[in-house]
Amino acid sequence: MHLSIFKSVAFITLCLTTFALSAAPFTPKDDAVIANSNSTLSASLSVEEINTLVTNSQYVGQTERLQGLLKTRLAQLYKHTPSSQIGYLYARVLQKEHLFDEAITIANNVLITEPKHSNSHLLLANILMTQGEFIRAKKHCVALIGKVSTITASTCVLDVQSQHESVLDSYQALVKIINNNQTSLATNHVLSEMSYRLNNYKQALSHLQSVDLVQAPVSLIVLWADIQIALNQPQQVLNTLSVLLPDKSNLEDAILLRLSIAEKKLNKRDKKWQNTMAQRVTLRELRKDSFHASDLAKYYLDVQPNREKALYWAHINWQQAKMSTDEQLLIQAKAMQRDTL
């Protein structure tokens, strides 16, 4: 899954409280489990329980868990009861599968009936930002003013602005706005990412110093790992990320990739993570999985250098996402190709 999707899910979840987003992880009751056919969620699952499952999808080991089942169930609910809450949740699930046009249509329908629906404005801002539609994305951020806190609305606006204008100006403006006030994890995430893009890695890490990675969304964990690798601290990445989830086979591609990069940098004889990631990459390629194109491109840049494959997957990723990190990925892949000429 593309990191911008991880990030948007995390940002929406952490910024707003419309649907009690601080709820603890939900496990369906014994009498409300997935049907034996594994094709749909039990009808006894309430909308609130589905909301919690969608919210939990930002965490390690859960980003793709029940994705198809949730989409099926929400499609049914939306068809019969297209409420604002169901529409928003359905749009979020569609966004995760890069079904952006469908997600935009449904989120816009929510705003037709409930123009002040903050979560839908924020969701649309993130989808449009991912697509490189920065002006349209910013309009939805501006629409948040007066509906959410000033810091939350400003974080949204400046995050979008940093993608197509000066990152430094956006960073400095956001720092000035928060003015040493306590900030949400989402705002700290954006500040850290801006610092990372400015190559100020120590400052980037400082914005995450109080974060408990066990409770953090995948996008933030990946950012933390990228910062540590940039600071030449790969052992820290291995020590921390390798214990995040008991079932290592369920780790997200993006996390496995960072473990592989860290392991390679340490020149370890044991290539446990590189071998595991290689198996995952083989599976993704067999499936022609554009859903993980950015991870595949980065794999062929940083783990198993392959100019042709890095460029191929970077182009696939660019067709789907046009944020600054996606542009850099494509630039790096093109630079590898030029080296062979």
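Which residues line the second largest cavity? They are Leu53, Asn56, Ser57, Gln62, Arg65, Leu66 and Leu70.

This is a predicted model, where local features need pLDDT of at least 70, side-chain atom pairs count only at pLDDT 80 or more, and totals for chains, interfaces and linings use all residues. Residues are numbered from 1 along each chain as its sequence is written, and side-chain values use heavy atoms, with hydrogens and water left out.

**Cavities and helix H2**

A cavity is a set of points on a 1 Å grid over the protein atoms alone where a 1.4 Å probe fits but cannot get out; lining residues have an atom within 4 Å of a point. Grid points are joined across faces, edges and corners, and a volume is the space filled by probe spheres set on the points. The structure has two cavities of 30 Å³ or more. The second largest has a volume of about 30 Å³. Its lining holds three nonpolar, three polar and one charged residues. Here Ala, Val, Leu, Ile, Met, Phe, Trp, Tyr, Cys and Pro count as nonpolar, Asp, Glu, Lys and Arg as charged, and the others, Gly among them, as polar.

Two of the lining names, Leu53 and Asn56, recur among the buried residues of helix H2. Buried means under 20% relative accessible area, exposed over 50%, and partly exposed in between (1.4 Å probe, protein chains only). Helices (H or I, at least four residues) are DSSP runs, numbered from the N terminus. Helix H2 covers residues 47-56, and eight of its 10 residues are buried, so the rest of the structure largely encloses it.

**The disulfide**

There is one disulfide, defined as a pair of cysteine sulfur atoms within 2.5 Å. Cysteine 141 and cysteine 156 form it, with their sulfur atoms 2.0 Å apart. The link is left-handed, with -60° about the S-S bond. Cysteine 141 lies in helix H7 (residues 134-142) and cysteine 156 in helix H8 (residues 150-164), so the bond ties together parts 15 residues apart in sequence. Cysteine 141 is buried at 0% relative accessibility. Cysteine 156 is buried too, at 5%.

Helix H8 also holds threonine 152. Threonine 152 is buried, at 7%. Its C-alpha atom is 9.1 Å from that of cysteine 141, 11 residues away along the chain.

**Aromatic rings**

The structure holds four aromatic pairs. Rings of Phe, Tyr and Trp (its six-membered ring) pair if their centres lie within 6.5 Å; planes under 30 degrees apart count as stacked, over 60 as edge-to-face and the rest as tilted. The table gives two of the pairs, including their geometry.

| Pair | Centres | Planes | Class |
|---|---|---|---|
| Tyrosine 196 and tyrosine 201 | 5.5 Å | 55° | tilted |
| Tyrosine 299 and tyrosine 300 | 5.1 Å | 75° | edge-to-face |

Tyrosine 196 is partly exposed at 25%, and tyrosine 201 is partly exposed at 22%. Tyrosine 299 is buried at 5%, and tyrosine 300 is buried at 7%.

The charged end of lysine 322 sits over the ring of tryptophan 318, 5.4 Å from its centre. The rule asks for NZ of Lys or CZ of Arg within 6 Å of the ring centre and within 35 degrees of the ring normal.

**Two loop asparagines**

Most residues other than glycine have a negative phi. Asparagine 232 has a positive phi of about 60°. It lies in the loop between helix H12 (218-230) and helix H13 (234-241), and is exposed at 61%. Asparagine 267 has a positive phi near 55°. Its loop runs between helix H14 (253-265) and helix H15 (272-286). Asparagine 267 is exposed at 67%.

Definitions and conventions: On a 1 Å grid over the protein atoms alone, a cavity is a set of points where a 1.4 Å probe fits but cannot get out, and a pocket is an open set with protein on both sides within 12 Å along at least five of seven lines; lining residues have an atom within 4 Å of a point.
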